[in-house]
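Thanks for making the time this morning. I would like to walk through one model with you, and I will start with a term before turning to the fold.

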Amino acid sequence: MKAAVVYQRGEMPQYTDFPEPVVNNEGEILISVKAAAIKHFDKGRASGKHYSATENKQSATVIGGDGVGVLADGTRVFAFGVSGIIAEKAVVDKRKMVKLPNGINDIVAAALPNAVAGSAMALRFRAGIKTGETILINGATGFTGKIAVQIAKHYGAKKVIVTGRNQKTLQSLISLGADEIVSTEQNDETFIEQLKQIHNTTPIDIIIDYLWGHTAELILTSLKGNGSFTHKTRFVSIGSITGDKIQLSAENLRSVDLQLSGSGLGSWTKDEMKLLFSEILPEMFQLTTDNKLKVETESVNLTDIEKLWEMKAPDGKRLVVTI
């Protein structure tokens, strides 16, 4: 079969022949792959930089962790791969598989799940979102951030505040449900002051953070109290696009009612993962089918994987490989 293969960690994937994967137990099933998204997660694992990457640095590996395919009986599914999934065939985990509704196309279905995991899981299980709350999404101009805006509103958020660099994209988030925008291109003092004013007017209940780094430091500084009672804020780290480490003052922690947590592989319980496949993803696929969740994609063909691996999809779209 043809596949996108990395022969040595850190190298570019190659379009080449590779042995077809074999089903090893009754919990697995073979699919014919139709589409798979290229995500930061996949690039991180391929390079060995993601914390979930294996120790094996030398063996040839098919890349890609999840995608859309067809079972032998013609059923279309989204699934997590046991083998790498950016290939003509892949072995997937039956427990991590969702049947797709008829109205959703393969490209959109492949693009959506990682963003759902990176937003709905944080909102529901780490932040415990409640109807009527105010949500701040730091780094909302990327693909997952755009999905997070829509899901936050779907889950009952009264107000959604978004941050980002691209002013045009920030403005476009208003049409997806955002209520207020905050540019990260401002100087630090202005950025902090704007957040303070927002927090004083409509206290922020939940912060969903895709950036970490300096903007996370500024946001936490804007919450810092002065010894008076403070509003409880749940801060959930999901990504670290602008830096893996921050400086956090102990005074900052002591002066505010702050819950700091992370959402990602290893932080979710088995029951939460079951709900992702049994409840959350099916609901989001249906919302998309009903045109209630907007998903923007850019597609490329498997044959072009070598040229397009480092390509960045424009305007917060998700890059999807078709097979």
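When I speak of a bend at a residue, I mean the angle between two axes, one fitted to the seven residues ending there and the other to the seven starting there. Please also keep in mind that this is a predicted model.

With that definition in hand, let me begin with helix α9, which covers residues 270–289 and has a kink of about 45° centred on Leu 276. The helix has 20 residues, and its reach from first C-alpha to last is 28 Å, close to the 28 Å expected at 1.5 Å a residue. Which residues of α9 are buried? They are Glu 272, Met 273, Leu 276, Phe 277, Ile 280, Leu 281, Met 284, Phe 285, Leu 287 and Thr 288, so that the residue at the centre of the kink is itself on the list. As a reminder for reading that list, an α-helix has 3.6 residues a turn, so residues three or four places apart point the same way. The cover over these buried residues includes the strands β6 (76–81) and β7 (89–99), together with the helices α2 (106–117), α3 (120–126) and α4 (143–154).

Just after α9 comes Asn 291, which has a positive phi of about 60° although it is not a glycine. It sits in the loop between α9 and β14 (297–301), and with a relative accessible area of 72% Asn 291 counts as exposed, because the cut-off for that class is over 50%. A second positive phi in a residue other than glycine, near 55°, belongs to Trp 212, which is placed in the loop between β11 (206–209) and α7 (213–223). Is Trp 212 buried or exposed? Its relative accessibility is 13%, so Trp 212 counts as buried.

Let me move to the sheet. Six strands form an open sheet with parallel pairing, and their order is β10-β9-β8-β11-β12-β13. The edges are taken by β10 (180–183) and β13 (258–262), each of which has a single partner strand, so one side of each is left without a neighbour in the sheet. From one strand to the next, the twist averages 15°. At the β10 edge, the partner is β9 (residues 159–164), and the two pair in the parallel sense over four bridges, with Gly 164 standing opposite Ser 183 in β10. Helix α6 (residues 188–201) lies across β8 (134–138), β9, β10 and β12 (233–237), and it runs at about 160° to β10.

There is antiparallel pairing to show as well, and for that we go to strand β1 (residues 2–6), in which four of the five residues are buried. This strand pairs with β2 (residues 14–17) in the antiparallel sense over four bridges, and there Ala 4 has Tyr 15 as its bridge partner. Two bridges join β1 to β4 (residues 61–62), again running antiparallel, and Val 6 stands opposite Thr 61.

Finally, the whole chain. The secondary structure comes to ten helices and 15 strands. The radius of gyration is 20 Å, close to the 20 Å that the globule rule gives for 323 residues, so the protein is as compact as a globular protein of that length. Along its principal axes the C-alpha trace spans about 65 × 40 × 35 Å, and buried residues make up 49% of the 323. Of the contacts between residues at least 6 apart in sequence, 70% join residues at least 24 apart.

Key:
Residues numbered from 1 in each chain as written. Predicted model: local features only at pLDDT ≥ 70, side-chain atom pairs only at ≥ 80, totals over all residues. Heavy atoms only, no water. Expected span 1.5 Å × (residues − 1). Buried < 20%, exposed > 50% of the residue type's maximum accessible area, 1.4 Å probe, protein only. Contact = heavy atoms within 4.5 Å. Pairing = 2+ DSSP bridges. Axes fitted to C-alpha atoms, helices over the stretch in contact; angles between N-to-C directions. Rg over C-alpha atoms; globule rule 2.2 N^0.38 Å.
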